[in-house]
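Please walk through the structure shown here, taking its main pocket, a strand pair and a helix pair in turn.

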Amino acid sequence: MRIYGIDLSKDKFDVSYVLAGEEKKRFVRNDFKGICNFLKQVEDSCILVAEHTGSYGDLLVHLCYQFQIKIALVPGYNIKHSLGLQRGKSDSKDAYRIRKYGERFVEELRFMEPRSESVKELKELYSLREQLSKSRTSLLLGQKTRKLSPSQSIVAHRGYQRAIANLENEIDAIEKEIEKIVQNDSDLNDNYKLITSIKGIGPVIANNLIIKTENFKRINTAKKAAAFAGVCPYPNSSGKMSMKSKTSHMADKKLKSLLFLAAKTAVTHNKEYSLYAERKKLEGKPYFLIMNNVSNKMLRTVYGVIQSRKPYDMNHICNDPRQLN
């Protein structure tokens, strides 16, 4: 089984592979024609390993689906911290290091799977909505600062008002389009209804979870989702030293903040989470740690209703797993 290491860039990508016991290097144009010519020379049993660099690898991944060739995208952090001390850097060296990583951890590679058209559309619309929301927030802050000035321009004020109104209209239109896509896709709509049956989770968080987890296919367990959102504590001890467990900073901050807001709502309006938070408070835990625990519990509830295909029931009693046999 041959491993191809690929270092992606905007215009081209460098490739490293072994043929007849000898290392080979080449570069390929990062366009439709160049990638197709390259993939025609790759055997079906081979594996492509590339660094995850965002949109630069989208075309390569898409064409690998068409040619039925396995491809794995690996975070640069994993590659950098797996090969020990390295000196020097170039595209060809990076391709070599990516290939060595693939050969060493071939059993741990996660191959990319095709996304549904609905999920792709949702991700693009969500990204656009985030950009427009940031622009609106920036304009609102600028307008708030201007009010502190003793003299203000009427023309500038009207310009601010028009720009903010246009952004709000665009955001509303995108949100309606997102809602329409979810309703027209049976899989997305079923999962959306199951998630929103949990008191404390609304449309924004439900759509965010569906998009970030790719409809619960890419991140398919509550444990992985908790790690992705940064609400999963990790042990922090070595030898005789034992410190408090803490969450990792490598997380999706947007999803974490949304889960925090959902946890606050759930503690206020959901009796189950209110009692859970009260129990944690009696244990002496601080407020933000309690909210982190509640967020983690909410994710486990989300994946529970998704896997059982049953809406959330506040009066549901879990069976003791020790008594099932």
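Helix H5 (117-146) is a good place to begin, since among the elements around the largest pocket H5 gives the most to the lining, with 6 residues. The model is a predicted one. Other elements that each supply at least two lining residues are helix H2 (58-67), strand S5 (70-74), helix H3 (76-80), helix H7 (186-196), helix H8 (203-212) and helix H9 (222-229).

The space in this largest pocket comes to about 2000 Å³. Its lining counts 47 residues, and those closest to the centre are His-52, Leu-73, Arg-110, Met-112 and Arg-218. By residue class, the lining holds 21 nonpolar, 16 charged and 10 polar residues.

Next comes the strand pair. Strand S2 (residues 12-19) runs antiparallel to strand S3 (residues 22-29), and 8 bridges join them. One of the bridges links Leu-19 to Glu-22 in S3. The two strands form a hairpin with 2 residues between them. In that turn, Ala-20 has a positive phi of about 55°.

The last stop is a helix pair. Two packed helices are described by the angle between their axes and the distance between the axes. For helix H10 (residues 253-269) and helix H11 (residues 271-282), the angle is about 100° and the axes lie 6 Å apart. Angles of 65 to 115 degrees count as roughly perpendicular, and H10 and H11 are therefore roughly perpendicular to each other. On the H10 side the contact involves Ala-266, Val-267 and His-269, which meet Lys-271, Tyr-273, Ser-274 and Ala-277 of H11. The residues of this contact divide into 4 nonpolar, 2 polar and 1 charged.

Notes: Residues are numbered from 1 along each chain as its sequence is written. This is a predicted model: local features need pLDDT of at least 70, side-chain atom pairs count only at pLDDT 80 or more; totals for chains, interfaces and linings use all residues. Side-chain values use heavy atoms; hydrogens and water are left out. On a 1 Å grid over the protein atoms alone, a cavity is a set of points where a 1.4 Å probe fits but cannot get out, and a pocket is an open set with protein on both sides within 12 Å along at least five of seven lines; lining residues have an atom within 4 Å of a point. Grid points are joined across faces, edges and corners, and a volume is the space filled by probe spheres set on the points. Helices (H or I, at least four residues) and strands (E, at least two) are DSSP runs, numbered from the N terminus. Ala, Val, Leu, Ile, Met, Phe, Trp, Tyr, Cys and Pro count as nonpolar, Asp, Glu, Lys and Arg as charged, and the others, Gly among them, as polar. Two strands pair if DSSP finds at least two bridges between them. Axes are lines fitted to C-alpha atoms, for helices over the stretch in contact, and angles run from 0 to 180 degrees between N-to-C directions. Angles under 35 degrees count as roughly parallel, over 145 as roughly antiparallel, 65 to 115 as roughly perpendicular and the rest as oblique. Contact means heavy atoms within 4.5 Å.
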